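Thanks for making the time, everyone. I would like to talk you through one part of a structure and how its pieces are arranged, so please have the picture in view.

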Amino acid sequence: MTQKSVCALVGVATALTLMTVAIPARVEAHCQIPCGIYDDEMRFAMLEENITTIEKSMKLIEELSADPGKNANQLIRWVINKEDHADAMASIITEYFLQQRLKLDDPEWAAKVKPCHEILFYSMKAKQTTDQANVEKLRAAVKALKDVYFTKKDAMHLEESHSADHSR
């Protein structure tokens, strides 16, 4: 191998290394392997937080719409925020619950899938409108999923730990 070939190979290797370092890779919030890191209770808290954010976004969009010329930038930002949180809900339901947590052999499978579909449907409706009824339907669907998802023993444990957290 000539010195020129070695230099060319080093140059290509350097360029490839720089490309892998310089180009940011898309990082997902969840792996689709049974890692055991993520927990169900946190996913429900995230869903509820997204609903609250969607609700606030809708209210601010309504307020800012009174003078859209003056408030155009903030209006756009709140619309994007509302849509991002609706998409986050859809992602949690699809990638966490439907793809990983709801097992096909679960006798309660259909009862668990129905509220998942409602969450997907009403999160899409929340993107399309500022109708607060969609927020309430989202809350009801998340509650329905939570009620059917956790066993009575799980629900009691969650309620006890939730009460203990708020008594501090």
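What follows is a short walk around helix 3 and its neighbours, and please keep in mind that this is a predicted model.

Let me begin with the helix itself, whose 30 residues should span 44 Å at 1.5 Å a residue, and since the end C-alpha atoms of helix 3 lie 41 Å apart, the two values agree. Its buried residues are Leu75, Lys82, His85, Ala86, Met89, Ile92, Ile93, Tyr96, Phe97 and Gln100, and what they pack against is helix 2, helix 4 and helix 5.

Turning to the first of those partners, the axis of helix 2, residues 40-64, comes within 9 Å of the axis of helix 3, residues 72-101, and the two cross at roughly 160 degrees. Angles over 145 degrees count as roughly antiparallel, so helix 2 is roughly antiparallel to helix 3. The crossing here is left-handed, and the residues in this contact divide into 19 nonpolar, 6 polar and 5 charged.

On to helix 4, where the axes of helix 3 and helix 4 come within 8 Å and cross at roughly 165 degrees, which means that helix 3 is roughly antiparallel to helix 4. This crossing, too, is left-handed. Helix 3 contributes residues including Lys82, Ala86, Met89, Ile93 and Phe97, while among those from helix 4 are Val113, Cys116, Ile119 and Leu120. By class, the contact of helix 3 with helix 4 holds 11 nonpolar, 3 polar and 4 charged residues.

Technical notes. Residues are numbered from 1 along each chain as its sequence is written. This is a predicted model: local features need pLDDT of at least 70, side-chain atom pairs count only at pLDDT 80 or more; totals for chains, interfaces and linings use all residues. Side-chain values use heavy atoms; hydrogens and water are left out. Axes are lines fitted to C-alpha atoms, for helices over the stretch in contact, and angles run from 0 to 180 degrees between N-to-C directions. Helices (H or I, at least four residues) and strands (E, at least two) are DSSP runs, numbered from the N terminus. Angles under 35 degrees count as roughly parallel, over 145 as roughly antiparallel, 65 to 115 as roughly perpendicular and the rest as oblique. A crossing is left-handed if the near helix is turned anticlockwise from the far one by less than a right angle, and right-handed if clockwise. Ala, Val, Leu, Ile, Met, Phe, Trp, Tyr, Cys and Pro count as nonpolar, Asp, Glu, Lys and Arg as charged, and the others, Gly among them, as polar. The expected span of a helix is 1.5 Å times one less than its number of residues. Buried means under 20% relative accessible area, exposed over 50%, partly exposed in between (1.4 Å probe, protein chains only). Contact means heavy atoms within 4.5 Å.
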